[in-house]
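This report goes through the fold of one protein chain. It begins with the sheet and then turns to the helices, two backbone angles and the chain as a whole.

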Amino acid sequence: MGVPQIAYRYGFGFRLRADSIKPMQVRHADQCEAKGSTICRIISMAQVDGEDGAGTGNQQLAIASPYARDFGKELTTSVADADGELITSTIDGEDLSKSLVDTKARLLARTVLRDRLIEVLRSRNGTVAELVEAERGVAQVNEEIDQARSWLSEMKGRVQFSQLHINYEAAPPIVQEDFAEPIFSAWSAKGSILGSMLAALLIMAPFLGPIGMLIWLVILVWRRLSRWNPMRRLAEDEGELLNTG
């Protein structure tokens, strides 16, 4: 049994300061190019600046499979040197062994058929219709051979070079609270409360006068009714008689 042909995909997610994302992307690209195109290749790079400073970025590399894991460690180390951190790490693999064997077999079969058709055309053995059909067959088989070779080359490339996807995101800014800030906040809140109370008084001012007058009239009437009470008046008169006796 042959060695399994695995196509690996590596994923890394890093969190850094917003102003460190673009320099880190460039640094990682430089690390890739320094290894040479036979080891590492840059496929794509993108960077987006957010309005609130929360920028993001991504980069896709193709790294020779034997170097992929070690190169991932190099990327992580460079991020740590910039006070960043690794937040996600993934490895996915796809076994292409059977697909490679099947494609090679198809390619061989198509090649044998093409050679036979070409031999028919060279020997001129057959009718004109058969020779015309053989020419068409050669053209069709050649197309299938090219397609099979393309698939075979693509799969071999995926096995030889692992895909490496890198995502960058901005770390939330560190907020340092000033010592005097709570005091100013409390004073601002106090001013807001006093302002609200004053506004309420201004709104109620037109109604306070009539309400106060009504309360005064109710008290005045209540006092007079209390004095006019016959029972209370009789008790007061009896008290005066006793005092004079």
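## The sheet

In this predicted model, five strands form an open sheet with mixed pairing, in the order S2-S3-S5-S1-S4. S2 and S4 are the edge strands, each pairing on one side only. From one strand to the next, the twist averages 10°.

## Strand pairs and their register

Strands of a sheet pair through backbone hydrogen bonds, in either the parallel or the antiparallel sense. Starting from the S2 edge, S2 (residues 40–48) and S3 (residues 56–64) run antiparallel and are joined by eight bridges. Serine 44 has glutamine 60 of S3 as its bridge partner, and glutamine 47 has glycine 57 of S3. S3 is also joined to S5 (residues 161–170), by nine bridges and again antiparallel. In that pair, isoleucine 63 is partnered by serine 162 of S5.

S5 and S1 run parallel, with eight bridges between them. Glycine 11 stands opposite histidine 165 of S5. On the way to the other edge, S1 pairs with S4 (residues 85–95) in the antiparallel sense over 10 bridges, and arginine 15 stands opposite glutamate 85 of S4.

How enclosed is strand S1 (residues 6–16) by the rest of the structure? Eight of the 11 residues of S1 are buried, so this strand is largely enclosed.

## Helices lying across the sheet

Helix H1 (residues 21–34) lies across S1, S2, S3 and S5. The direction of H1 is at about 175° to that of S2. Helix H2 lies across S1, S2, S3, S4 and S5, and runs at about 5° to S1.

## Helix H3 and its partner

Helix H3 covers residues 97–123, 27 residues in total. At 1.5 Å a residue, H3 should span 39 Å; the end C-alpha atoms are 40 Å apart, so the two values agree.

Which residues of H3 are buried? They are Leu100, Thr103, Leu107, Thr111, Arg114, Leu117 and Leu121. These buried residues of H3 pack against helix H4 (128–160).

## Two positive phi angles

Most residues other than glycine have a negative phi. Arginine 124, just after H3, takes a positive phi of about 60°.

Aspartate 83 also has a positive phi, near 65°, and is a residue other than glycine. Aspartate 83 sits in the loop between H2 (68–81) and S4. Is aspartate 83 buried or exposed? Its relative accessible area is 65%, and exposed means over 50%, so aspartate 83 is exposed.

## The chain as a whole

The protein chain has six helices and five strands. Along the sequence they follow the pattern β-α-β-β-α-β-α-α-β-α-α.

Of the 245 residues of the chain, 24% count as buried. The accessible surface comes to about 17,700 Å², and 59% of this area belongs to carbon and sulfur atoms. Among contacts between residues at least 6 apart in sequence, 80% join residues at least 24 apart. One example of pairing between elements apart in sequence order is that of S1 with S5, joined by eight bridges.

Terms used. Residues are numbered from 1 along each chain as its sequence is written. This is a predicted model: local features need pLDDT of at least 70, side-chain atom pairs count only at pLDDT 80 or more; totals for chains, interfaces and linings use all residues. Side-chain values use heavy atoms; hydrogens and water are left out. Two strands pair if DSSP finds at least two bridges between them. Helices (H or I, at least four residues) and strands (E, at least two) are DSSP runs, numbered from the N terminus. The expected span of a helix is 1.5 Å times one less than its number of residues. Buried means under 20% relative accessible area, exposed over 50%, partly exposed in between (1.4 Å probe, protein chains only). Contact means heavy atoms within 4.5 Å. Accessible areas come from the Shrake-Rupley method with a 1.4 Å probe; for residues, only the protein chains shown count as cover. Axes are lines fitted to C-alpha atoms, for helices over the stretch in contact, and angles run from 0 to 180 degrees between N-to-C directions.
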